[in-house]
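Please read the following points beside the model. They take up single residues, then helices, then the space left inside.

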Amino acid sequence: MRKAKLNRKTKETDIALELDLDGTGACSVNTGVGFLDHMLELFACHGAFDVTLRCVGDTKVDDHHSVEDIAIVLGKAIAQALGDKKGIERYAVSFVPMDESLARVVIDVSGRPYLAYNAPMTGSIGTYDAQLNEEFFRALTFNAGLTVHIDILAGSNKHHMTEAIFKAFARALRAAIRVTGTAIPSSKGVLE
């Protein structure tokens, strides 16, 4: 069972997360950041991950601490649930359109954290700062030990572009962690 349950409490956030990588897409999230709730629901649905998440954060300051800390916890949960990564596919790519937008996400469950992010956005989506997308994926990839390339190939609407990114990330992650064998998929014999 590839599951994780984590809690993280700081002076800025108090987060509780339960994750099942082999779920059905069941999702119950309340982050205090409405747009992020929507994106995490898409992540769960398109990845077929079960996610239960609660966050109480200092959103009176802004959404940054909640968004980044949630990504830290989610990344750690992914790493914990994957364990030694035995038998996984390891590599995957996903292209997802959302109206005029097109996102590509390429993942290597390598154990070596790296984010190449080519989806710059400024301004806001409702009250959500679009620049937080990069912060979210940087914190997630580094804490999960993933190499991730995120590219917006087309798009003009920030909501659509962000939605395409989250869906593409979920679908690529689902494909990369699919169990297809019994060995660790590395010539070194370890993914770390």
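1. Gly189 is partly exposed, with a relative accessible area of 43%, where partly exposed covers the range between buried (under 20% relative accessible area) and exposed (over 50%), taken with a 1.4 Å probe and protein chains only. Gly189 sits in the segment after α4 (158-176), helices being DSSP runs of H or I with at least four residues and strands runs of E with at least two, numbered from the N terminus. Its C-alpha atom lies 9.6 Å from that of Lys86, although 103 residues separate the two along the chain.

2. A word on the basis of these values: this is a predicted model, in which local features need pLDDT of at least 70 and side-chain atom pairs count only at pLDDT 80 or more, while totals for chains, interfaces and linings use all residues. Residues are numbered from 1 along each chain as its sequence is written, and side-chain values use heavy atoms, with hydrogens and water left out.

3. Lys85 deserves a look for its surroundings and its backbone. Lys85 belongs to the loop between α2 and β5 (91-98), and it counts as buried because its relative accessible area is 9%. Beyond its neighbours within four places in sequence, Lys85 is in contact (heavy atoms within 4.5 Å) with Val109, Pro185 and Leu191. The phi of Lys85 is near 70 degrees, a positive value in a residue other than glycine. Most residues other than glycine have a negative phi.

4. Asp99 can be read beside Lys85. Asp99, in the loop between β5 and β6 (101-108), likewise has a positive phi, of about 55 degrees, although it is not a glycine. Asp99 is exposed, with a relative accessible area of 60%, whereas Lys85 is buried.

5. For α2, does the separation of the helix ends agree or disagree with the expected span? The expected span is 1.5 Å times one less than the number of residues, so the 19 residues of α2 should cover 27 Å, and its end C-alpha atoms are indeed 27 Å apart. Of those 19 residues 14 are buried, so α2 is largely enclosed by the rest of the structure. The helix is followed by Gly83, whose phi is positive, near 60 degrees.

6. Within α2, Ile70 is buried, with a relative accessible area of 2%. Not counting residues up to four places away in sequence, Ile70 touches Ile15, Thr31, Leu36, Leu40, Leu53, Cys55 and Phe136. The C-alpha atoms of Ile70 and Ala139 are 8.7 Å apart, with their positions 69 residues apart in sequence.

7. The helix α3 (residues 132-144) has 13 residues and an expected span of 18 Å, which agrees with the 18 Å between its end C-alpha atoms. Its buried residues are Leu132, Asn133, Phe136, Phe137, Ala139, Leu140, Thr141 and Ala144, and they pack against α1, α2, β7 (114-118), β9 (128-129), β10 and α4. Just after α3, Gly145 takes a positive phi of about 75 degrees.

8. Which residues have the most contacts inside the largest nonpolar core? They are Phe136 and Phe169, in a core of 66 residues; such a core is a set of buried Ala, Val, Leu, Ile, Met, Phe, Trp, Tyr and Cys residues joined through side-chain atoms within 4.5 Å. Leaving out residues up to four places away in sequence, Phe136 touches Leu36, Leu40, Val67, Ile70, Ala71, Leu74 and Phe166.

9. Ile152 is found in strand β10 (residues 147-154) and is buried, with a relative accessible area of 17%. Its contacts, neighbours within four places in sequence aside, are Leu102, Ala103, Asn118, Ala119, Met161 and Ile165. Ile152 and Val105, which are 47 residues apart in sequence, have C-alpha atoms 8.9 Å apart.

10. Finally, the enclosed space. A cavity is a set of points on a 1 Å grid over the protein atoms alone where a 1.4 Å probe fits but cannot get out, and lining residues have an atom within 4 Å of a point; grid points are joined across faces, edges and corners, and the volume is the space filled by probe spheres set on the points. The count comes to 1 cavity of 30 Å³ or more, and the largest cavity holds about 40 Å³. Its lining is made up of Leu17, Leu40, Phe43, Val51, Leu53, Ile70 and Leu74, and α1 (34-47), β4 (50-57) and α2 (64-82) each supply at least two of the lining residues.

Conventions
1 Å grid on protein atoms, 1.4 Å probe; cavity = no way out; pocket = protein on both sides within 12 Å on 5 of 7 lines; lining within 4 Å.
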